[in-house]
Amino acid sequence: MVNHITSSHSTLRSSDSTQTDRIAKQQPVAAVAKVVEKKSKQEQQHSATSGKKRSLLVQTSEAHQQAAQAQSAQKALQNANDMLGQLRQLARRSLNTQEGKKDQLQQSLHQLKNKLTKLTREAKYEGEPVLHHDLTPRLSGEQHREEFSFKGMRLNTLRQQDEVLRFQFDSGVPSSVRSRIDNDENNHEIAEKLNKAFAPRSIQVEVDKYGDLAFNVPKAQWPEIKKGIWMSGGGQILPAGNPIKAKLEQRDKTAIEPQDLEFGKPQSTRKALADIERMMQKIQQSLAHISKVQNQVSQDLERLVATNMMKSGVMNDEGVIEASWLEAPNNVSLQLLDNAVPTLLAQANASRHNVVALLEP
């Protein structure tokens, strides 16, 4: 956005020492100066406690970025839905094809499955993936977590002594965590200790309604956790000796990832067809959710334009831009392009990504 400033030029007299001193003390002005909006004392106090209020341009830019990200996720989901439709068609054909003629179909199914799995990693907006491993949209401001359990942890046995539990990860940092469990601690106390121990890996631990330990991790980190956790203990809660690989079980038994689809045998193909149907239904739900997000962003943008007043300004004695455009000092006129945001909103219907690029500083 361009603010055009015109001012009348006055001749500097040698006797005007006050103005001369002020100019001499003034620091060089950078190409982009810090903007300080004029506020009342109450507003300044509020800003000091709640943080600096974002400008209209910043809020508008963030809203368009959110919309562009949602648009990228929407396109990726539509591509995924098309691939799932092709997989469904090929899988049905394979069930009706003679055994000796399935090789080409199997190869096509394998290639298409790999392409779909690759989409979950490579569909991105500004370098960040827009899909999770299970085709859930990955939108800013939304936190999805994966719930799981460790199979084989014996918490209800009689413990005669304290025990140190050790967990080693195949991927990520830190590579290991440990926690000392006292022999008289109950499941809630154990969960509290493990929650602190696993905190560096963003894993949360709590006790579920059945009294068992329940673990959860941000969905984006689940593929890394799933690669493998090795555990060892003192023979009471966990086996002693060499670490054994933990069997991690997802709490959501209906969860399915593209890479888990198998088409090698008729039985696995039928299961894959059922999983494909569930995945396509889930995609339709996600697309409906994204549409709601986009509608909300559009409403937020309209509200920003309707309720906020864009500000510009001039430079004060300290070299800082200050003053509302409606409170311009004498001899200064400001030309404000107040139709810039509506223009960007109009362009948003064509391409959110172009609008974001225009709003970048």
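**Reading strands and helices in a predicted model**

Guide: Let's start with a hairpin, bearing in mind that this model is predicted. Strand 8 (residues 204–207) and strand 9 (residues 213–218) run antiparallel and are joined by four bridges.

Visitor: Which residue stands opposite Glu206 in strand 9?

Guide: That's Ala214. While you're at this hairpin, look at the five residues between the strands: Gly211 has a positive phi near 90°.

Visitor: Which side chains of strand 8 are buried, and which are not?

Guide: Follow the alternation along strand 8: Val205 and Val207 point to one face and are buried. Gln204 and Glu206 point to the other face and are not buried.

Visitor: On to the open sheet. What is its strand order?

Guide: The order is 7-6-10-11, four strands with antiparallel pairing. Strand 7 (176–181) and strand 11 (244–245) each have a single partner strand, so they stand at the edges with one side left without a neighbour in the sheet.

Visitor: How many bridges join strand 6 to strand 7?

Guide: Six, and strand 6 (residues 163–169) runs antiparallel to strand 7. For one pair to find on screen, take Val164, whose bridge partner in strand 7 is Arg180.

Visitor: Which helix lies across strand 6 and strand 7?

Guide: Helix 5 does, running at about 155° to strand 7. A handy residue to click on is Leu194, which is in helix 5 (residues 187–198).

Visitor: Is Leu194 buried or exposed?

Guide: Buried: its relative accessible area is 0%. Leaving aside neighbours within four places in sequence, Leu194 is in contact with Met153, Leu165, Phe167, Ser179, Val205, Leu213 and Phe215. Take Phe215 from that list: Leu194 and Phe215 are 21 residues apart along the chain, and their C-alpha atoms are separated by 9.7 Å.

Visitor: Now helices against helices. What describes two packed helices?

Guide: The general idea is to give the angle between their axes and the distance between the axes. Here, try helix 3 (residues 56–95) and helix 7 (residues 266–307): their axes come within 8 Å and cross at roughly 160°.

Visitor: How do I put that angle into words?

Guide: Angles over 145 degrees count as roughly antiparallel, and helix 3 and helix 7 are therefore roughly antiparallel to each other. As for handedness, helix 3 passes helix 7 in a left-handed crossing.

Visitor: And what kinds of residues make up the contact of helix 3 with helix 7?

Guide: The residues of that contact divide into 23 nonpolar, 15 polar and four charged.

Note on methods. Residues are numbered from 1 along each chain as its sequence is written. This is a predicted model: local features need pLDDT of at least 70, side-chain atom pairs count only at pLDDT 80 or more; totals for chains, interfaces and linings use all residues. Side-chain values use heavy atoms; hydrogens and water are left out. Axes are lines fitted to C-alpha atoms, for helices over the stretch in contact, and angles run from 0 to 180 degrees between N-to-C directions. Helices (H or I, at least four residues) and strands (E, at least two) are DSSP runs, numbered from the N terminus. Angles under 35 degrees count as roughly parallel, over 145 as roughly antiparallel, 65 to 115 as roughly perpendicular and the rest as oblique. A crossing is left-handed if the near helix is turned anticlockwise from the far one by less than a right angle, and right-handed if clockwise. Ala, Val, Leu, Ile, Met, Phe, Trp, Tyr, Cys and Pro count as nonpolar, Asp, Glu, Lys and Arg as charged, and the others, Gly among them, as polar. Buried means under 20% relative accessible area, exposed over 50%, partly exposed in between (1.4 Å probe, protein chains only). Contact means heavy atoms within 4.5 Å. Two strands pair if DSSP finds at least two bridges between them.
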